[in-house]
Number of protein chains: 2
Amino acid sequence: MGKNKDKQEFVTFITPRNEDFSQWYTDVITQTQLCDYAPVRGCMIVRPYGYAIWEQIQQAMDSRFKEKGTENVYFPMLIPESLLLKEAEHVEGFAPEVAWVTQGGSEKLTERLAVRPTSETIFCTMFAKWTQTWRDLPMKYNQWCSVMRWEKATRPFLRTSEFLWQEGHTIHASAEEAQEETLTMLEVYREVAEDVLALPVYVGQKSDKEKFAGARATYSMEAMMQDGKALQAGTSHNFGTNFAEAYGIQFQNKEGKLQYAEETSWGVSTRLIGAIVMTHGDERGLRLPPAIAPIQVVILPIAAHKPGVTEACEKLFADLKAAGVRVKLDDRDTVSAGFKFNDWELKGVPVRLEVGPRDLENGVVTYFRRDTCEKGTLPLEGLTEALKALMKEIQQGLYDQAKAFRDAHTYEVHNMEELGQAVDGGFARAMWCGEQACEDEIKERFNASSRNMPFNQEEMTFGDTCVCCGKKAKHVMYFAKAY
Amino acid sequence: MGKNKDKQEFVTFITPRNEDFSQWYTDVITQTQLCDYAPVRGCMIVRPYGYAIWEQIQQAMDSRFKEKGTENVYFPMLIPESLLLKEAEHVEGFAPEVAWVTQGGSEKLTERLAVRPTSETIFCTMFAKWTQTWRDLPMKYNQWCSVMRWEKATRPFLRTSEFLWQEGHTIHASAEEAQEETLTMLEVYREVAEDVLALPVYVGQKSDKEKFAGARATYSMEAMMQDGKALQAGTSHNFGTNFAEAYGIQFQNKEGKLQYAEETSWGVSTRLIGAIVMTHGDERGLRLPPAIAPIQVVILPIAAHKPGVTEACEKLFADLKAAGVRVKLDDRDTVSAGFKFNDWELKGVPVRLEVGPRDLENGVVTYFRRDTCEKGTLPLEGLTEALKALMKEIQQGLYDQAKAFRDAHTYEVHNMEELGQAVDGGFARAMWCGEQACEDEIKERFNASSRNMPFNQEEMTFGDTCVCCGKKAKHVMYFAKAY
């Protein structure tokens, strides 16, 4: 409840999406109090409503990680420079954005310490210590923490100097097992994105140029925002033995020979909150999928002074809470009903229930569903089940709407002109020769910084010449401008 | 599963407690793989088994915080030096142990950034921005994060440069409400410590000298370790308007006048894991209270090749899991049964079940309870309920044993000689005049760095002269050597 709440005259103004999508985004995330700008360069404060969404995402992810045999750990946030330097590609990728601790108390440090930009280097150091024989493998670890990347241009949730994420790090005895882990975790991400966050995603492989610093292969899921731009919503990397060789992660295999371990890492971050906002939000503010809404149902007493209204609301609240619904009773008497309508619509609560004397007389409540902004009535009898069904419908509805938008803005393109038009408000699906020269040209000419090759290459193929050079095509690729 | 697990000849050696308590502690935490030393000065790695205990503690705390109306948030880990400098006492207290970021990417920073040693200063900065009128209050926020204090002498879980904790920060419209919050959260800590972690604690108020830098009053809970030393296991601070004045946290009160907000903060950390180890551990390793044991029951098949054994174990596992028991089936065939006994005793799993052909013939399982190391049998029929009852008994038994130890090592002392003897293996309860000179003398002479005044002063009073100077006594105080 922020400082605006006591000004009843306050009417939220959100910039229309089609006028300035970027300003619309900023208006929504700040007015809904998901976050605020921090008095630290490039950093944000995740406020209670934003953090509650993050907790829902964490739960959805973490329970699935554990089902797959992952164990949580915590590694130090500071990494000595010498550890960071061991894997050449990795250093090159991350060094330009590292924040360095150079002083501890009154002591000037002899070696600089990096605030972790990611933790492969320190996990590898410990993996090398802990791994002796094949019996020690696999080790499948994850940590929930924050990382720091000294970014120049920042936007809350999308790109900040510090952000919250999880990073999984696993080592395996065989290349097959590591590849399976890489794809299993990508599938976990896809499932949470689509089934929980209602974000349709394209999953696939990044080009060699775009893979993670030090990885042999990087896979990602790409979501389309309402301005047609891509948001990379999760990545999963297969390192092969790249880091194992640099950090000496060896084990005695079943044949008694020393062998390097195969390694993966995978991560998602608070970016997902930005993706939810930019996929589902509308002119009135947020629209949250019920599966991750911190408040799924808000109950508003209408004419609370009339006999029976308060009691009915309290009973309803207790019943829904007992049934496992995340419900809030908004019984504030310092603001008007109209203010509350506006407030909860802004905050994207999936279902609003209005309970007034006339509703009660008729044995019903009035509902408002945030996805379609439709109103109706539901009988008090059997309300819990009806609400659960309604939330399921809303969840599916948000997904379907987002998917329809994405599909309508994904274009099969056959030449550079079409490609340029496509990425000006959507994704281009193009045939590509596999040469970096063409990739670079497309990227530079159209600012197409997102490239992702879908898995089902064969069935997706729709031509045999590269969209750029006209030579023989090898891959189907999605191109898009990216966040 | 670490590198020792494939060497069947390996027998764990733990230094006896009475020979070298400190080495015993180190042996236990490393051999149980709760943690490992990090390749970063003064830092530790929290390994899966240690982190799983932390997750249990987090759940117990977090659910209670939320019941009390606390909301989780996330604030940046870096704090500009200028913000840190605003409250003089606070700076003085923390500046000597701050790690400083001075470089971001290739850019040398114009202002140093502290890696947060605690977050009052940045919470206050935002509270000042968010607080306008009494309607905005209270704000009751908490974050789970790590903090950094550049410590010279470190020990895993007890004192490390970086550690995991939660920090609650709340602001209120009245002094009464802030004081109530301070004591409410202390009571939450006590409840979790005693009812969940089975740690008996003395709760009370710190002396003026010992309070948190910038606080008007600091309360703590103190647990006694098996060497008789005190471990401060949680603190709750009332700042009054101290920080509000320094950071300008003002609100318009109901009378329309500007007023400073009253503030509290409170925290517990991974120190609690150290407290569990040093309170309950024995010569065989850990003994974990069932309420926080990541594995409450481990099932060991005996002669697994005999018909029915594996099936019975799997059914038992499924039944217990379905009943909400945190259960593990140890069906490793690479180590002997004896190795497994040793392993799970070391790890402190409360109950071990052995399931062999003879047990099954008799319709029973053999159990081993870790708290008393007693063995017995339980009928297969009704086993889940019997196990739940057994775990309750173990939980209570560990608490009772720890409390009996603490009470037996808490001494009412009447002079300095008695005080010196008492703190050489326990707590001294003494009368104190309230003068810092006496407090300092006691601290310096006996290294009694823990001082805590119990709440029920009147009923605890047992004399009227100060144990040190002989003048009129004002307070009852617990003195102890501290971790």
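In chain A of this predicted model, the C-alpha centres of domain 1 and domain 3 lie 26 Å apart. Let's start with how those two domains touch, then look at chain A as a whole, and finish with the meeting of chain A and chain B.

**Domains of chain A**

- The domain assignment splits chain A into domain 1 (21-75 + 122-280), domain 2 (297-391) and domain 3 (410-480).
- Domain 1 of chain A brings 15 residues into contact with 13 residues of domain 3 of chain A.
- On the domain 1 side of this contact, two or more residues each come from strand E9 (201-205), strand E10 (217-224) and strand E11 (230-240) of chain A.
- The most is given by E9(A), with 4 residues.
- Sorted by character, the domain 1 side that touches domain 3 in chain A has 4 nonpolar, 6 polar and 5 charged residues.

**Chain A as a whole**

- You can find 15 helices and 23 strands in chain A.
- A compact globule of 483 residues would have a radius of gyration near 23 Å, and the 25 Å of chain A agrees with that.
- Along the principal axes, the C-alpha atoms of chain A fill a box of roughly 80 × 60 × 45 Å.
- Buried residues make up 49% of the 483 in chain A.
- Among the contacts in chain A with a separation of 6 or more, 68% are between residues 24 or more positions apart.

**Where chain A meets chain B**

- Across the two chains, 53 residues of chain A are in contact with 53 residues of chain B.
- Strand E5 (residues 99-104) of chain A gives the most to the chain A side, with 6 residues.
- That side of chain A, the one touching chain B, consists of 30 nonpolar, 12 polar and 11 charged residues.
- E5(A) is joined by 5 bridges to strand E5 (residues 99-104) of chain B, and the two strands run antiparallel.
- Look for Val101(A) here: its bridge partner in E5(B) is Val101(B).

**How the two copies are related**

- A turn of 180° with a shift of 0.0 Å along the axis lays chain A on chain B with an RMSD of 0.0 Å.
- This is the relation of a two-fold axis.
- Val101(A) has the C-alpha nearest the axis in chain A, 2.1 Å from it.
- The copies meet through the same surface, because 100% of the interface residues of chain A are also interface residues in chain B.

Definitions and conventions:
Residues numbered from 1 in each chain as written. Chains lettered and ligands numbered in written order. Predicted model: local features only at pLDDT ≥ 70, side-chain atom pairs only at ≥ 80, totals over all residues. Contact = placed C-beta atoms within 7 Å. Nonpolar A, V, L, I, M, F, W, Y, C, P; charged D, E, K, R; others polar. Pairing = 2+ DSSP bridges. Least-squares fit on C-alpha atoms with pLDDT ≥ 70 in both. Domains from an automatic or database assignment. Rg over C-alpha atoms; globule rule 2.2 N^0.38 Å. Buried ≥ 20, exposed ≤ 12 C-beta atoms within 10 Å, placed from the backbone.
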